Amino acid sequence: MALEHPWMPLPFQLDHINLWALADGDGWTAVDTGVALPPTRACWEQLFASALDGKPIRRVIVTHFHPDHIGNASWLTERWQADLWCTQTEWLAAEYALRSRDDADLDRRVAHYRRHGIAEEHTAKMRARGNPYPSLVGGLPFHFMPIADGETVTIEGRRWRVITARGHSPEHACLWCEDLRVLIAGDQVLPKITTNVSVWPERPRENPLRYYLDSLARFLRLPADTLILPSHGLPFRGLHHRLSTLVQHTLPQALSGRASRPNRVGGIASAIRESDDAEHRGYRWKRRLTDKALSQRAGPHAPRFRGLKPPTHRGPTPRPLVVQVIPSSASLASVGLPVCGSQPAIS
Ligand SMILES: [Zn+2]
Ligand SMILES: [Zn+2]
């Protein structure tokens, strides 16, 4: 399986997203697309010119509707006459987010946050900012191919099973290839930071944390040596350890912050955000480690990386980076994940 891993810039504190390009016959299947802003499109242009062997993108799969994932779906599918594949709810959620931009929508949004104790200075900023979604998502393709939990998508002759999850987004799709023992995890399982779990204005009485935890449990069925390809942070092995850390430590720690706060939902939101920030700072530090140190920290089954130096969106336009996953287990090596040295990193 040839696999390209472009590292695209994001204009947020979380400053990158991993996208995946899977060799697929005479072209590529792209998984996720980056935000619809010039630096990300410049990265794509470089990939088209240099890293995709001159082959077209035949299909775009989007894990969920957040702007960093679906932002360029329209642009890519139009450019390559490719199809968009995603779950129905994510497509509808994107459509809704694109259309929610009048004053009444904004009023409802601000009222929601105010009800949960968000300070007036912050709601004023929200109001001034409006709905940022349309500026980060360049429209949606008019039609799409719906995928659903349990269905399989065949890529380069291999079957990838769709596993959906809730809590982070309404019908987030992960892709699991049993042959390769690889999970494209989107934002559902991240190696360091905690997935954002929020109560949204249009679903004010939903319990997204329950959904998220229930969804995490579904991934316990996957083999312990599964290679996780997350949308943010580095690929890793140790799925079960990560899941138990999230369930037993990180999320309870975030929730414990709730007790000291006057407002339940606002407290949860703040506590999780604080927890994320701490994790995020840790991640920023850790990504400066050498690949050797990284392997040692992550244990003997950790994949090794070469040329892993993510660009920053500050300063000149970042360039894409092709990262190679070098499997440490013979079984993964034998099924053809990229081999060290076959694909030089672009830095
Ligand atoms: Zn997301
Ligand atoms: Zn994301």
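In which loop does Asp 32 lie? In this predicted model, Asp 32 is placed in the loop between E5 and H1, where its backbone adopts a positive phi of about 70 degrees although the residue is not a glycine. Asp 32 counts as buried because 27 C-beta neighbours are found inside 10 Å. A second non-glycine residue with a positive phi is Gln 81, for which the value is about 50 degrees; Gln 81 is located in the loop between H3 and E7. Unlike Asp 32, which is buried, Gln 81 is exposed, since 9 other C-beta atoms lie within 10 Å and the limit for an exposed residue is 12 or fewer.

The protein as a whole contains 12 helices and 15 strands, and buried residues make up 39% of its 347 residues. Among the contacts with a separation of 6 or more, 65% are accounted for by residues 24 or more positions apart.

Helix H3, which spans residues 73-80, has Ala 73, Ser 74, Trp 75, Leu 76 and Thr 77 as buried residues. The elements that cover these buried residues include strand E5 (27-31), helix H1 (38-50) and strand E6 (57-61), together with helix H2 (67-70) and strand E7 (83-86). Gln 81, with its positive phi of about 50 degrees, comes just after H3.

The largest nonpolar core comprises 59 residues, of which Val 60, Cys 86, Cys 174, Leu 175 and Ile 184 touch the most other members. Strand E11 (residues 172-177) gives the most to this core, contributing five residues. For Val 60, when neighbours within four places in sequence are left aside, the contacts are with Ala 30, Thr 33, Ala 73, Leu 76, Thr 77, Ala 82 and Leu 84; of these partners, Ala 73, Leu 76 and Thr 77 are buried residues of helix H3.

Helices H5 (residues 103-115) and H6 (residues 120-129) pack with their axes 10 Å apart and at an angle of about 160 degrees. H5 and H6 are therefore roughly antiparallel to each other, given that angles over 145 degrees are assigned to this class, and H5 passes H6 in a right-handed crossing. On the side of H5 the contact is made by Leu 106, Arg 109, Val 110, Tyr 113 and Arg 114, and on the side of H6 by Thr 123, Met 126 and Arg 127. By character, the residues of this contact divide into four nonpolar, one polar and three charged.

Two further residues illustrate pairings between positions separated along the chain. Ile 155 has its place in strand E9 (residues 152-155) and counts as buried because it has 21 C-beta neighbours inside 10 Å, the threshold being 20 or more. Its C-alpha atom is separated by 5.5 Å from that of Asp 24, a residue 131 residues apart along the chain. Apart from neighbours within four places in sequence, Ile 155 is in contact with Leu 22, Asp 24, Thr 29 and Trp 160. Leu 213, by contrast, is found in helix H8 (residues 208-218) and is partly exposed, with 16 other C-beta atoms within 10 Å. The C-alpha atoms of Leu 213 and Leu 246 are separated by 8.9 Å, the two residues being 33 residues apart along the chain.

Terms used: Residues numbered from 1 in each chain as written. Chains lettered and ligands numbered in written order. Predicted model: local features only at pLDDT ≥ 70, side-chain atom pairs only at ≥ 80, totals over all residues. Helix = DSSP H or I, 4+ residues; strand = E, 2+ residues; numbered from the N terminus. Contact = placed C-beta atoms within 7 Å. Core = buried A, V, L, I, M, F, W, Y, C linked by C-beta atoms within 7 Å. Axes fitted to C-alpha atoms, helices over the stretch in contact; angles between N-to-C directions. Parallel < 35°, antiparallel > 145°, perpendicular 65-115°, else oblique. Left-handed = near helix turned anticlockwise from the far one by under 90°. Nonpolar A, V, L, I, M, F, W, Y, C, P; charged D, E, K, R; others polar.
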